[in-house]
Amino acid sequence: MSQTRGKYDFCIGLVLAMSSSIFIGGSFILKKKGLLRLARKGSMRAGQGGHAYLKEWLWWAGLLSMGAGEVANFAAYAFAPATLVTPLGALSVLVSAILSSFFLNEKLNLHGKIGCLLSILGSTVMVIHAPQEEEVETLDEMSHKLGDPGFVVFATLVVIVSLILICVVGPRHGQTNILVYITICSVIGALSVSCVKGLGIAIKELFAGKPVLKHPLSWILLLSLTVCVSTQINYLNRALDIFNTSIVTPIYYVIFTTSVLTCSAILFKEWQHMAADDIIGTFSGFLTIIVGIFLLHAFKDVNFTLANLPLSLRKDDRAANGTLLSTYDSFNDDEESSACLGEMQSSESLSARRNGSLSAF
(Lines give C-alpha, C1' and ligand atoms only; values in the text may rest on other atoms or scores of the structure.)
Protein backbone atom coordinates (compact mmCIF):
# COMPACT_ATOMS: atom_id res chain seq x y z
CA MET A 1 0.00 0.00 0.00
CA SER A 2 2.83 2.36 0.89
CA GLN A 3 4.61 1.61 -2.39
CA THR A 4 1.41 2.25 -4.39
CA ARG A 5 0.89 5.50 -2.54
CA GLY A 6 4.48 6.50 -3.29
CA LYS A 7 4.00 5.91 -7.03
CA TYR A 8 0.75 7.87 -6.95
CA ASP A 9 2.46 10.83 -5.27
CA PHE A 10 5.33 10.56 -7.76
CA CYS A 11 2.94 10.84 -10.73
CA ILE A 12 1.15 13.81 -9.18
CA GLY A 13 4.46 15.56 -8.59
CA LEU A 14 5.56 14.82 -12.16
CA VAL A 15 2.38 16.30 -13.71
CA LEU A 16 2.56 19.36 -11.47
CA ALA A 17 6.24 19.92 -12.36
CA MET A 18 5.49 19.75 -16.10
CA SER A 19 2.54 22.15 -15.86
CA SER A 20 4.70 24.47 -13.79
CA SER A 21 7.30 24.59 -16.57
CA ILE A 22 4.65 25.58 -19.12
CA PHE A 23 3.41 28.48 -16.99
CA ILE A 24 6.90 29.67 -16.07
CA GLY A 25 8.19 29.42 -19.65
CA GLY A 26 5.30 31.58 -20.83
CA SER A 27 5.87 34.08 -18.04
CA PHE A 28 9.35 34.94 -19.35
CA ILE A 29 7.84 35.95 -22.69
CA LEU A 30 5.08 38.05 -21.17
CA LYS A 31 7.50 39.85 -18.86
CA LYS A 32 9.96 40.52 -21.67
CA LYS A 33 7.19 41.90 -23.90
CA GLY A 34 6.11 44.21 -21.08
CA LEU A 35 9.66 45.42 -20.47
CA LEU A 36 10.17 46.06 -24.19
CA ARG A 37 6.99 48.14 -24.32
CA LEU A 38 8.24 50.23 -21.42
CA ALA A 39 11.60 50.72 -23.13
CA ARG A 40 9.85 52.02 -26.25
CA LYS A 41 7.87 54.47 -24.11
CA GLY A 42 11.10 55.85 -22.64
CA SER A 43 10.40 54.78 -19.05
CA MET A 44 13.25 54.17 -16.64
CA ARG A 45 14.36 50.60 -17.25
CA ALA A 46 14.32 47.85 -14.63
CA GLY A 47 18.03 47.21 -15.26
CA GLN A 48 18.71 50.75 -14.03
CA GLY A 49 16.63 50.29 -10.89
CA GLY A 50 13.31 51.56 -12.26
CA HIS A 51 9.95 50.08 -11.27
CA ALA A 52 7.74 51.38 -14.09
CA TYR A 53 6.96 47.77 -14.99
CA LEU A 54 4.53 47.74 -12.07
CA LYS A 55 2.17 49.82 -14.27
CA GLU A 56 2.44 47.48 -17.28
CA TRP A 57 -0.36 44.90 -17.59
CA LEU A 58 1.75 42.53 -19.70
CA TRP A 59 4.33 42.36 -16.94
CA TRP A 60 1.56 41.59 -14.43
CA ALA A 61 0.23 38.88 -16.74
CA GLY A 62 3.72 37.38 -16.77
CA LEU A 63 3.90 37.64 -13.00
CA LEU A 64 0.53 35.90 -12.60
CA SER A 65 1.66 33.18 -15.00
CA MET A 66 4.85 32.74 -13.02
CA GLY A 67 2.79 32.71 -9.82
CA ALA A 68 0.62 29.90 -11.20
CA GLY A 69 3.75 28.02 -12.20
CA GLU A 70 5.32 28.51 -8.80
CA VAL A 71 2.15 27.28 -7.07
CA ALA A 72 2.23 24.14 -9.20
CA ASN A 73 5.93 23.85 -8.48
CA PHE A 74 5.26 24.36 -4.78
CA ALA A 75 2.77 21.49 -4.81
CA ALA A 76 5.14 19.32 -6.86
CA TYR A 77 7.83 19.58 -4.18
CA ALA A 78 5.33 18.26 -1.65
CA PHE A 79 4.80 15.08 -3.69
CA ALA A 80 8.13 14.40 -5.42
CA PRO A 81 11.87 14.75 -4.63
CA ALA A 82 13.51 18.10 -5.36
CA THR A 83 16.11 16.28 -7.46
CA LEU A 84 13.29 15.33 -9.84
CA VAL A 85 11.19 18.49 -9.77
CA THR A 86 13.98 21.03 -10.25
CA PRO A 87 15.65 19.55 -13.37
CA LEU A 88 12.26 19.35 -15.06
CA GLY A 89 12.44 23.12 -15.11
CA ALA A 90 14.32 22.56 -18.39
CA LEU A 91 10.90 22.27 -19.99
CA SER A 92 10.35 25.94 -19.17
CA VAL A 93 13.47 26.70 -21.22
CA LEU A 94 11.97 24.84 -24.18
CA VAL A 95 8.63 26.62 -23.81
CA SER A 96 10.43 29.96 -23.56
CA ALA A 97 12.57 29.24 -26.65
CA ILE A 98 9.61 28.15 -28.77
CA LEU A 99 7.43 31.09 -27.74
CA SER A 100 10.37 33.49 -28.24
CA SER A 101 10.57 32.43 -31.88
CA PHE A 102 6.91 33.39 -32.36
CA PHE A 103 6.50 36.49 -30.20
CA LEU A 104 10.01 37.98 -29.80
CA ASN A 105 11.37 37.21 -33.29
CA GLU A 106 14.17 35.09 -31.82
CA LYS A 107 14.81 32.41 -34.45
CA LEU A 108 14.96 28.72 -33.55
CA ASN A 109 17.44 27.12 -35.96
CA LEU A 110 18.46 23.48 -36.45
CA HIS A 111 20.83 23.56 -33.48
CA GLY A 112 18.00 24.86 -31.32
CA LYS A 113 15.64 22.09 -32.41
CA ILE A 114 18.26 19.46 -31.66
CA GLY A 115 18.83 21.14 -28.28
CA CYS A 116 15.12 20.92 -27.52
CA LEU A 117 15.12 17.21 -28.33
CA LEU A 118 18.18 16.56 -26.15
CA SER A 119 16.63 18.46 -23.24
CA ILE A 120 13.49 16.35 -23.46
CA LEU A 121 15.54 13.14 -23.59
CA GLY A 122 17.65 14.26 -20.63
CA SER A 123 14.55 15.07 -18.62
CA THR A 124 13.14 11.62 -19.39
CA VAL A 125 16.33 9.93 -18.18
CA MET A 126 16.24 11.94 -14.96
CA VAL A 127 12.61 10.95 -14.36
CA ILE A 128 13.50 7.27 -14.77
CA HIS A 129 16.45 7.47 -12.37
CA ALA A 130 14.94 9.91 -9.87
CA PRO A 131 16.27 9.40 -6.31
CA GLN A 132 14.23 8.75 -3.21
CA GLU A 133 14.55 11.38 -0.50
CA GLU A 134 14.42 10.69 3.22
CA GLU A 135 10.91 10.75 4.64
CA VAL A 136 10.24 14.01 6.47
CA GLU A 137 6.62 14.14 7.61
CA THR A 138 6.54 16.60 10.52
CA LEU A 139 7.80 20.10 11.22
CA ASP A 140 9.85 18.76 14.13
CA GLU A 141 11.72 16.47 11.73
CA MET A 142 12.16 19.36 9.31
CA SER A 143 13.49 21.51 12.14
CA HIS A 144 16.03 18.81 12.93
CA LYS A 145 17.09 18.69 9.27
CA LEU A 146 17.51 22.46 9.07
CA GLY A 147 19.70 22.36 12.18
CA ASP A 148 22.12 19.88 10.63
CA PRO A 149 25.66 21.36 10.63
CA GLY A 150 26.15 20.66 6.93
CA PHE A 151 23.05 22.61 5.97
CA VAL A 152 23.85 25.44 8.39
CA VAL A 153 27.26 25.89 6.76
CA PHE A 154 25.71 25.76 3.28
CA ALA A 155 22.99 28.31 4.14
CA THR A 156 25.55 30.64 5.75
CA LEU A 157 27.74 30.55 2.63
CA VAL A 158 24.72 31.25 0.41
CA VAL A 159 23.75 34.30 2.47
CA ILE A 160 27.33 35.66 2.53
CA VAL A 161 27.82 35.18 -1.23
CA SER A 162 24.44 36.76 -1.96
CA LEU A 163 25.17 39.82 0.18
CA ILE A 164 28.56 40.31 -1.48
CA LEU A 165 27.00 40.09 -4.94
CA ILE A 166 24.14 42.43 -4.04
CA CYS A 167 26.12 45.08 -2.14
CA VAL A 168 29.58 45.00 -3.79
CA VAL A 169 29.64 43.24 -7.16
CA GLY A 170 26.15 44.14 -8.44
CA PRO A 171 26.50 47.95 -8.49
CA ARG A 172 29.84 47.68 -10.32
CA HIS A 173 29.39 44.83 -12.80
CA GLY A 174 25.68 43.96 -12.84
CA GLN A 175 25.03 46.00 -16.01
CA THR A 176 27.74 44.25 -18.03
CA ASN A 177 28.17 40.74 -16.57
CA ILE A 178 25.18 38.46 -17.00
CA LEU A 179 26.32 36.09 -14.25
CA VAL A 180 25.96 38.61 -11.41
CA TYR A 181 22.18 38.99 -11.23
CA ILE A 182 21.51 35.40 -12.32
CA THR A 183 23.81 34.02 -9.63
CA ILE A 184 21.95 36.02 -6.99
CA CYS A 185 18.63 34.55 -8.16
CA SER A 186 20.02 31.03 -8.37
CA VAL A 187 21.78 30.64 -5.03
CA ILE A 188 18.90 32.26 -3.14
CA GLY A 189 16.57 29.96 -5.06
CA ALA A 190 18.20 26.98 -3.36
CA LEU A 191 17.05 28.33 0.01
CA SER A 192 13.57 29.11 -1.32
CA VAL A 193 13.16 25.48 -2.41
CA SER A 194 14.03 24.34 1.12
CA CYS A 195 11.40 26.73 2.48
CA VAL A 196 8.86 25.38 0.01
CA LYS A 197 9.52 21.81 1.11
CA GLY A 198 9.06 22.81 4.73
CA LEU A 199 5.84 24.72 4.05
CA GLY A 200 4.53 21.76 2.06
CA ILE A 201 4.99 19.60 5.16
CA ALA A 202 3.27 22.28 7.26
CA ILE A 203 0.26 22.33 4.93
CA LYS A 204 -0.05 18.55 5.09
CA GLU A 205 0.01 18.71 8.88
CA LEU A 206 -2.54 21.53 8.84
CA PHE A 207 -4.97 19.40 6.83
CA ALA A 208 -4.35 16.58 9.30
CA GLY A 209 -5.63 18.83 12.11
CA LYS A 210 -2.32 19.51 13.85
CA PRO A 211 -1.58 22.93 15.47
CA VAL A 212 0.82 24.03 12.75
CA LEU A 213 0.14 27.76 13.15
CA LYS A 214 1.53 27.64 16.69
CA HIS A 215 4.81 26.18 15.51
CA PRO A 216 7.41 28.97 15.11
CA LEU A 217 9.11 27.18 12.21
CA SER A 218 6.04 27.69 10.01
CA TRP A 219 6.28 31.47 10.28
CA ILE A 220 10.07 31.44 9.90
CA LEU A 221 9.75 29.44 6.68
CA LEU A 222 7.01 31.71 5.35
CA LEU A 223 9.01 34.88 6.09
CA SER A 224 12.18 33.38 4.60
CA LEU A 225 10.30 32.31 1.46
CA THR A 226 8.84 35.80 1.03
CA VAL A 227 12.27 37.43 1.27
CA CYS A 228 13.88 34.89 -1.08
CA VAL A 229 11.17 35.09 -3.74
CA SER A 230 11.08 38.90 -3.64
CA THR A 231 14.84 39.04 -4.14
CA GLN A 232 14.68 36.52 -6.98
CA ILE A 233 11.94 38.47 -8.81
CA ASN A 234 13.83 41.76 -8.46
CA TYR A 235 17.14 40.54 -9.83
CA LEU A 236 15.60 38.30 -12.46
CA ASN A 237 13.74 41.35 -13.80
CA ARG A 238 17.02 43.24 -14.00
CA ALA A 239 18.71 40.40 -15.88
CA LEU A 240 15.79 40.08 -18.32
CA ASP A 241 15.74 43.80 -18.98
CA ILE A 242 19.46 44.05 -19.76
CA PHE A 243 20.18 40.76 -21.53
CA ASN A 244 18.47 38.59 -24.13
CA THR A 245 15.81 36.19 -22.84
CA SER A 246 17.34 33.27 -24.73
CA ILE A 247 20.61 33.82 -22.85
CA VAL A 248 19.17 34.53 -19.39
CA THR A 249 16.87 31.50 -19.32
CA PRO A 250 19.43 28.68 -19.88
CA ILE A 251 22.12 30.18 -17.64
CA TYR A 252 19.57 30.70 -14.88
CA TYR A 253 18.37 27.11 -15.27
CA VAL A 254 21.84 25.55 -15.05
CA ILE A 255 23.04 27.57 -12.03
CA PHE A 256 19.70 27.35 -10.23
CA THR A 257 19.38 23.59 -10.76
CA THR A 258 22.95 22.97 -9.62
CA SER A 259 22.32 25.02 -6.47
CA VAL A 260 19.09 23.18 -5.68
CA LEU A 261 20.61 19.74 -6.28
CA THR A 262 23.47 20.61 -3.93
CA CYS A 263 21.11 21.97 -1.28
CA SER A 264 18.76 19.00 -1.57
CA ALA A 265 21.62 16.51 -1.31
CA ILE A 266 22.84 18.20 1.88
CA LEU A 267 19.41 18.67 3.46
CA PHE A 268 17.54 15.49 2.53
CA LYS A 269 20.45 13.08 1.90
CA GLU A 270 18.88 11.99 -1.38
CA TRP A 271 22.07 10.45 -2.75
CA GLN A 272 23.01 8.19 0.16
CA HIS A 273 20.73 5.28 -0.74
CA MET A 274 20.88 5.49 -4.54
CA ALA A 275 22.24 2.62 -6.64
CA ALA A 276 25.26 3.31 -8.84
CA ASP A 277 23.24 3.05 -12.09
CA ASP A 278 20.70 5.58 -10.79
CA ILE A 279 23.46 8.02 -9.84
CA ILE A 280 25.04 7.66 -13.29
CA GLY A 281 21.63 7.99 -14.95
CA THR A 282 20.77 11.12 -13.00
CA PHE A 283 24.05 12.83 -13.83
CA SER A 284 23.85 11.70 -17.46
CA GLY A 285 20.34 13.09 -17.79
CA PHE A 286 21.35 16.39 -16.22
CA LEU A 287 24.43 16.72 -18.46
CA THR A 288 22.30 15.87 -21.51
CA ILE A 289 19.93 18.68 -20.57
CA ILE A 290 22.84 21.10 -20.21
CA VAL A 291 24.20 20.10 -23.66
CA GLY A 292 20.74 20.53 -25.13
CA ILE A 293 20.36 23.98 -23.62
CA PHE A 294 23.83 24.91 -24.86
CA LEU A 295 22.92 23.93 -28.42
CA LEU A 296 19.62 25.70 -28.05
CA HIS A 297 21.18 29.08 -27.27
CA ALA A 298 24.90 29.10 -28.11
CA PHE A 299 24.23 28.95 -31.88
CA LYS A 300 20.97 30.89 -31.90
CA ASP A 301 22.39 33.53 -34.29
CA VAL A 302 23.70 30.96 -36.78
CA ASN A 303 21.37 30.68 -39.77
CA PHE A 304 21.63 26.91 -40.22
CA THR A 305 18.71 24.80 -41.43
CA LEU A 306 18.15 21.42 -43.07
CA ALA A 307 18.20 23.17 -46.45
CA ASN A 308 21.81 24.26 -45.79
CA LEU A 309 22.96 20.77 -44.77
CA PRO A 310 23.70 19.33 -48.29
CA LEU A 311 25.80 22.40 -49.16
CA SER A 312 27.79 22.06 -45.94
CA LEU A 313 28.38 18.36 -46.60
CA ARG A 314 29.64 19.08 -50.11
CA LYS A 315 32.11 21.64 -48.76
CA ASP A 316 33.35 19.12 -46.17
CA ASP A 317 33.80 16.45 -48.87
CA ARG A 318 35.78 18.81 -51.05
CA ALA A 319 38.04 19.74 -48.16
CA ALA A 320 38.53 16.06 -47.22
CA ASN A 321 39.61 15.00 -50.75
CA GLY A 322 42.90 16.89 -50.49
CA THR A 323 45.13 18.96 -52.74
CA LEU A 324 44.28 17.31 -56.07
CA LEU A 325 40.65 18.30 -55.87
CA SER A 326 41.63 21.75 -54.69
CA THR A 327 44.01 22.14 -57.64
CA TYR A 328 41.37 20.89 -60.05
CA ASP A 329 38.80 23.27 -58.60
CA SER A 330 41.22 26.18 -58.78
CA PHE A 331 42.08 25.24 -62.38
CA ASN A 332 38.42 25.26 -63.30
CA ASP A 333 37.98 28.49 -61.44
CA ASP A 334 40.92 30.02 -63.33
CA GLU A 335 39.47 28.87 -66.66
CA GLU A 336 36.07 30.27 -65.81
CA SER A 337 37.65 33.52 -64.60
CA SER A 338 39.75 33.84 -67.78
CA ALA A 339 36.75 33.19 -69.98
CA CYS A 340 34.68 35.76 -68.12
CA LEU A 341 37.52 38.27 -68.29
CA GLY A 342 37.95 37.69 -72.04
CA GLU A 343 34.26 38.19 -72.61
CA MET A 344 34.28 41.37 -70.59
CA GLN A 345 37.30 42.74 -72.49
CA SER A 346 35.74 41.89 -75.87
CA SER A 347 32.51 43.54 -74.84
CA GLU A 348 34.32 46.66 -73.64
CA SER A 349 36.41 46.78 -76.86
CA LEU A 350 33.32 46.50 -79.04
CA SER A 351 31.57 49.19 -77.05
CA ALA A 352 34.58 51.47 -77.35
CA ARG A 353 34.73 51.03 -81.12
CA ARG A 354 31.05 51.86 -81.43
CA ASN A 355 31.61 55.02 -79.42
CA GLY A 356 34.63 56.04 -81.53
CA SER A 357 37.07 55.86 -78.60
CA LEU A 358 40.78 55.71 -79.54
CA SER A 359 41.61 53.89 -76.31
CA ALA A 360 40.05 50.76 -77.73
CA PHE A 361 42.89 50.52 -80.25
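Which helix holds E205? The place to look is helix α8, and the close-ups below keep coming back to that helix and its partners. Keep in mind that this is a predicted model.

**Figure 1. The whole protein is built from helices, with 13 of them and 0 strands.** Start here to get your bearings. Reading from the N terminus, the elements run α-α-α-α-α-α-α-α-α-α-α-α-α. The protein has 361 residues, and 43% of them count as buried. There are 0 disulfides in the structure, and the aromatic pairs number 2. Both topics get their own close-up further down.

**Figure 2. Helices α8 and α9 pack against each other.** Two packed helices are described by the angle between their axes and the distance between the axes. Here α8 covers residues 178-207 and α9 covers residues 216-242. Their axes come within 8 Å and cross at roughly 150°. Angles over 145 degrees count as roughly antiparallel, so α8 and α9 are roughly antiparallel to each other. The crossing of these two helices is left-handed. What kinds of residues make up the contact of α8 with α9? Sorted by class, there are 18 nonpolar, 7 polar and 1 charged residues.

**Figure 3. Y181 and Y235 form an aromatic pair between α8 and α9.** This is one of the 2 aromatic pairs in the structure. The ring centres of Y181 and Y235 sit 5.5 Å apart, with the ring planes at 45°. Is that stacked, edge-to-face or tilted? Stacked needs planes under 30 degrees apart and edge-to-face needs over 60, so this pair is tilted. Y181 belongs to helix α8 and Y235 to helix α9, so the pair links distant parts of the chain, 54 residues apart. Are Y181 and Y235 buried or exposed? Both are buried.

**Figure 4. Y252 and F256 stack within helix α10.** Now move along to helix α10, which spans residues 245-268. The ring centres of Y252 and F256 are 5.6 Å apart and their planes are at 20°, so this pair is stacked. Why are Y252 and F256 separated by about one helical turn? They are 4 residues apart in α10, and that spacing is about one helical turn. Y252 is buried, with a relative accessible area of 14%, and F256 is buried too, at 15%.

**Figure 5. T231 in helix α9 sits across from C185.** T231 is part of α9. Its relative accessibility is 17%, so T231 counts as buried. C185 is also buried, with a relative accessible area of 1%. Along the sequence T231 and C185 are 46 residues apart, yet in space their C-alpha atoms are 7.1 Å apart.

**Figure 6. C263 has no disulfide partner.** Why does C263 not form a bond with C195? The closest cysteine sulfur to that of C263 is in C195, and it is 9.0 Å away, too far for a bond. A disulfide would need the two sulfur atoms within 2.5 Å. C263 itself is buried, with a relative accessible area of 2%.

**Figure 7. Helix α6 crosses helix α9 at an oblique angle.** Helix α6 covers residues 139-146. Its axis and that of α9 come within 10 Å and cross at roughly 60°, which makes α6 oblique to α9. As α6 passes α9, the crossing is left-handed. Next, find L139 and compare its position with that of E205: their C-alpha atoms are 8.3 Å apart, although 66 residues separate the two in sequence. E205, in helix α8, has 10% relative accessibility and therefore counts as buried.

**Figure 8. K113 and I114 in helix α5 meet residues from far along the chain.** I114 is found in α5, which spans residues 110-128, and K113 is in α5 as well. Which of the labels buried, partly exposed and exposed fits I114? With 39% relative accessibility, I114 counts as partly exposed. K113 has 52% and so counts as exposed. The C-alpha atoms of I114 and V291 are separated by 10.0 Å, with their positions 177 residues apart along the chain. For K113 and G292, 179 residues apart along the chain, the C-alpha separation is 9.0 Å.

Terms used. Residues numbered from 1 in each chain as written. Predicted model: local features only at pLDDT ≥ 70, side-chain atom pairs only at ≥ 80, totals over all residues. Heavy atoms only, no water. Buried < 20%, exposed > 50% of the residue type's maximum accessible area, 1.4 Å probe, protein only. Axes fitted to C-alpha atoms, helices over the stretch in contact; angles between N-to-C directions. Parallel < 35°, antiparallel > 145°, perpendicular 65-115°, else oblique. Left-handed = near helix turned anticlockwise from the far one by under 90°. Nonpolar A, V, L, I, M, F, W, Y, C, P; charged D, E, K, R; others polar. Phe/Tyr/Trp six-rings, centres within 6.5 Å; stacked < 30°, edge-to-face > 60°.
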